[in-house]
Amino acid sequence: MLTPRRRAGLGALLVGLTVALTGCATEPAAAPAAVPTTSTAPTTVAPAAVLPAVLAASRPVRVQIPAIGVDSELMDLGLQADGTLEVPPTGFPAGWFTGAPTPGERGPAVIAGHVDWGGSPGVFSALRDVVAGDEITVQREDGSTALFRVTEVGQYPKDSFPTAAVYADLDHAGLRVITCGGEFDRAAASYLDNTVVFADLVTSG
């Protein structure tokens, strides 16, 4: 379950989440491939299959998504003064939200990064290409590794972000990986959508 500190952090995050990750790029590196927009958020209930026991808290230090060639260190991300999720200051590395559970703990761990930055691909430039069944590995400071399997990938307009599905408490260890997506609004210097990958813990060691 989430601690009071984490619940407070998540509660603050919900206030202004629709503008989170608006600074994904100053110019798009390339037009993203078309991805069907969905407004149906995945369930937060664990599937019928037996999931592994959750892990104790431990700071994540690296995330790997072999299917799209991601291998990135992780920096800490908190909340900005307006209550929105802080984002990495450059295209690399990715970051994890310290107000949520660490990857492998019970609940929704959150990792975020840029799709591009300053005209060059960012750490999650190909996140839209992830599909259900792909694996995400998170190495943790205590030497353990949490292996997640993707259950769903969605693209959502920023004004219809699935806040509850991403940040609500879970009865198992989950992971959400977030970046920008959709069309690039040059006037606002921001993408119009967010790409969100949902995954569940399958093994730990």
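A salt bridge is a side-chain nitrogen of Lys or Arg within 4 Å of a carboxyl oxygen of Asp or Glu. Keep that rule at hand for this tour.

**Before you start**

This is a predicted model: local features need pLDDT of at least 70, side-chain atom pairs count only at pLDDT 80 or more, and totals for chains, interfaces and linings use all residues. Residues are numbered from 1 along each chain as its sequence is written, and side-chain values use heavy atoms, with hydrogens and water left out.

**Stop 1: colour by confidence**

Colour the chain by pLDDT, the predictor's confidence in each residue, from 0 to 100. The chain average is 83. A score of at least 70 is reached by 75% of the residues. Now select residues 1-5, where the pLDDT is below 50. Beyond near neighbours in sequence, this stretch has ten contacts in the model; a contact means heavy atoms within 4.5 Å. Next, select residues 11-20. Here too the pLDDT is below 50, and the stretch has 20 contacts beyond near neighbours in sequence.

**Stop 2: the barrel**

Switch to a cartoon view. Strands here are DSSP runs (E, at least two residues), numbered from the N terminus; helices are runs too (H or I, at least four). Two strands pair if DSSP finds at least two bridges between them. Follow the strands in the order 1-2-3-4-9-10-8-7. These eight strands make a closed barrel with mixed pairing. From one strand to the next, the twist averages 35 degrees. For such angles, axes are lines fitted to C-alpha atoms (for helices, over the stretch in contact), and values run from 0 to 180 degrees between N-to-C directions.

**Stop 3: strands 1 and 2**

Select residues 60-65 for strand 1 and residues 70-77 for strand 2. The two run antiparallel and are joined by four bridges. Click on V63. Its bridge partner in strand 2 is S72.

Stay here and show the side chains. Which residues are linked with R62 in a network of salt bridges? They are D71 and E73. Between D71 and R62, the closest N and O atoms are 2.7 Å apart. E73 and R62 also meet in a salt bridge, at 3.7 Å from N to O. E73 lies in strand 2 and R62 in strand 1, so this pair ties together parts that are eleven residues apart in sequence.

Now check the surface. Buried means under 20% relative accessible area, exposed means over 50%, and partly exposed is in between (1.4 Å probe, protein chains only). D71 is partly exposed at 45%. R62 is partly exposed at 24%.

**Stop 4: strands 3, 4 and 9**

Select residues 94-97, which form strand 3. Strand 3 pairs with strand 4 in the antiparallel sense, over two bridges. G95 has A112 in strand 4 as its bridge partner.

Move on to strand 4, residues 107-112. Is it buried or exposed? Six of its six residues are buried, so strand 4 is largely enclosed by the rest of the structure.

Then add residues 173-185, which are strand 9. Strands 4 and 9 pair in the parallel sense over six bridges. I111 finds its bridge partner in V177 of strand 9.

**Stop 5: two backbone details**

Zoom in on F92 and P93. A cis peptide bond joins them, with omega about 0 degrees. P93 sits in the loop between strand 2 and strand 3.

Go next to A189, in the loop between strand 9 and strand 10 (190-204). Its phi is near 55 degrees, a positive value in a residue other than glycine. A189 is partly exposed, with a relative accessible area of 30%.

**Stop 6: an aromatic pair**

Rings of Phe, Tyr and Trp (its six-membered ring) pair if their centres lie within 6.5 Å; planes under 30 degrees apart count as stacked, over 60 as edge-to-face and the rest as tilted. How many aromatic pairs does the structure hold? There is one. Select F184 and Y191 to see it. The pair is edge-to-face, with 5.0 Å centre to centre and 70 degrees between the planes. F184 is buried at 16% relative accessible area. Y191 is buried at 2%.

**Last stop: another salt bridge**

By the opening rule, the count comes to five salt bridges. One of them joins the side chains of D142 and R140, at 3.2 Å from N to O. D142 is partly exposed at 47%, whereas R140 is buried at 4%.
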